[in-house]
Structures are given as structure tokens and as C-alpha cells.
Amino acid sequence: MAPRIKITRQSIIDATIEIIRRYGEEQVNARDIARELGCSTQPIFSNFKNTDELRSVVGTEVKKMYYETVFDGIDKEKPYESLISGYIHFAKAEKNLFRLLFMSEMYEFKSFKDLLEPEDERILNLIIEDKRLTREQAEKLYISMRFFLHGMASYLARNICDADQDEMFQLLDTGLNGMLQRYQYGKLQS
């Protein structure tokens, strides 16, 4: 009798992420995950109550991957700008994972402040230090810039646009500087 292969919780999560990465979140179901792992669906439902629980755990794992990507690329000379670059990089390199995190029903919030997550604390501290803003100003700048940046990243993740990096960063620099003036001085400088 051939030895049984143990399918772990982590291998199920990894296989699910790979399926999302290749085909998008819409293609995730127990049969496809089992096929990816070379097993029946039984190990999946032994490790997870249902596919909703699996999706939630996968979402948390993908969010960790996102923050690792963003934080690994931080340039101490231009921390906020390098965070923006990390966000754009994730949208371009991991289109389907970006969509899962930022363009699916997984991401619900009631107010814009709900966008701030514990992981964003590090980003806010960088903004406060680098741009010499108060906590409130940094939160407003971060949320505003995130919406501006998200629009651009969404175009990239949806393959609607493939602008060159210089063009993107010119637009981002203009947007960031305008918003920064708004929150530093209370109005745009002419």
C-alpha cells in the first residue's frame, strides 16, 4: 500500500493562493483546490469549516504578502514615495492578489478611517516623521493618497493601462505634493 500524502492546512492555503494568482478569485472552489493538491476535497473540509473560512484565511495571508512587499522596498531617504512604489509594484506583479485585497467584496468599510489597519501604523509613523505632520494630518494624507493611488493601481491590475513608470510617478508626485500642501498648510499654495 502506498503511503498516504498528508495535506496540511498551509498547503491548502498555498494552493488556493496559487489558483487565485493564476486565474483570479472567481475560480476558487474546493474541487479546483483539490485538483491542484492532487487529492479529494475531504482534506479541505477537514481543515476548514467551509470555503468562506478558507477565503478569510487566504485573505489574511495575502494581506501579509502585500505588507511584506510594501515594507521590504522602503527607502529610508524617501519612505512615503517608496511605499507608493510598493503599492504600484504589487498591483502590477500580483494583479489577481491585488484584486482580491482591494477590488473585491472582501474589503468592506463604513467610513474612510476604517481603511486604516494596524499594519498601517508603521506607514503613518513614517509619514509623520518624513513629512512633519500631525497624526490627524498624516491620516488624512494617507487616506487621500491611497484613493488617488488606488485608481491608478486598479487600472494596472485590470490591464486597462500599462503606463510607463516615469509617467506614473510624475502623476503621483504631482498628486502627493498637492495633497501634502493641503494638509500641511490647510490649502493649496499657488
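**Exercise 1. Is Arg55 buried, partly exposed or exposed?** Then find its charged partner and say where the two sit.

*Solution.* Keep in mind that you are looking at a predicted model.
- Step 1: Arg55 has a relative accessibility of 33%. Buried would need under 20% and exposed over 50%, so Arg55 counts as partly exposed.
- Step 2: look for the partner. Arg55 makes a salt bridge with Glu25, and their closest N and O atoms are 3.9 Å apart. That fits the cut-off, which is within 4 Å.
- Step 3: place both ends. Arg55 belongs to helix H4 (residues 51–72), while Glu25 is in the loop between helix H1 (9–23) and helix H2 (30–37). The pair is 30 residues apart and links distant parts of the chain.
- Step 4: check the partner too. Glu25 has a relative accessible area of 22%, so it is partly exposed.

**Exercise 2. Work out which residue pairs with Lys63 in a salt bridge, and how each of the two is exposed or buried.**

*Solution.*
- Step 1: the side chain of Lys63 meets that of Glu117, at 2.9 Å from N to O.
- Step 2: Glu117 sits in the loop between H6 and H7 and Lys63 in helix H4, so you have to go 54 residues along the chain to get from one to the other.
- Step 3: with a relative accessible area of 18%, Glu117 is buried. Lys63 has 21%, so it is partly exposed.

**Exercise 3. Explain the spacing of Lys140 and Glu136 in helix H8, then find a salt-bridge network.**

*Solution.*
- Step 1: Lys140 and Glu136 form a salt bridge, with the closest N and O atoms 3.2 Å apart.
- Step 2: the two are four residues apart in helix H8, so about one helical turn separates them.
- Step 3: now the network. Glu18, Arg21, Arg22, Glu36 and Glu94 are joined into one by salt bridges that share partners.
- Step 4: for the full tally, the structure holds 13 salt bridges.

**Exercise 4. Classify two ring pairs that involve Phe102.**

*Solution.*
- Step 1: a whole-structure search turns up eight aromatic pairs.
- Step 2: take Tyr66 and Phe102. Their ring centres are 5.1 Å apart and the planes stand at 75°, so this pair is edge-to-face. Tyr66 is in helix H4 and Phe102 in helix H6, so the pair ties together parts that are 36 residues apart in sequence.
- Step 3: check the surroundings. Tyr66 counts as buried at 4% relative accessibility, and Phe102 is buried at 13%.
- Step 4: take Tyr87 and Phe102. Here the centres are 5.4 Å apart and the planes at 50°, so the pair is tilted. Tyr87 lies in helix H5 (residues 79–93), 15 residues from Phe102 in helix H6. Tyr87 is buried as well, at 3% relative accessibility.
- Step 5: step back to the group. One aromatic cluster is formed by Tyr66, Tyr67, Phe71, Tyr87, Phe90, Phe98 and Phe102. Arg122 lies over the face of Phe71, at 4.1 Å from the ring centre.

**Exercise 5. Contrast Leu101 with Arg132: which is buried and which is exposed?**

*Solution.*
- Step 1: Leu101 is part of helix H6 (residues 95–102). Its relative accessibility is 1%, so Leu101 counts as buried. The C-alpha atoms of Leu101 and Tyr66 are separated by 8.8 Å, although the two are 35 residues apart along the chain.
- Step 2: Arg132 is found in the loop between helix H7 (120–131) and helix H8 (135–157). At 73% relative accessibility, Arg132 counts as exposed.
- Step 3: look at the backbone. Arg132 is not a glycine, yet it has a positive phi of about 55°.

Conventions
Residues are numbered from 1 along each chain as its sequence is written. This is a predicted model: local features need pLDDT of at least 70, side-chain atom pairs count only at pLDDT 80 or more; totals for chains, interfaces and linings use all residues. Side-chain values use heavy atoms; hydrogens and water are left out. Buried means under 20% relative accessible area, exposed over 50%, partly exposed in between (1.4 Å probe, protein chains only). Rings of Phe, Tyr and Trp (its six-membered ring) pair if their centres lie within 6.5 Å; planes under 30 degrees apart count as stacked, over 60 as edge-to-face and the rest as tilted. A charge sits over a ring if NZ of Lys or CZ of Arg is within 6 Å of the ring centre and within 35 degrees of the ring normal.
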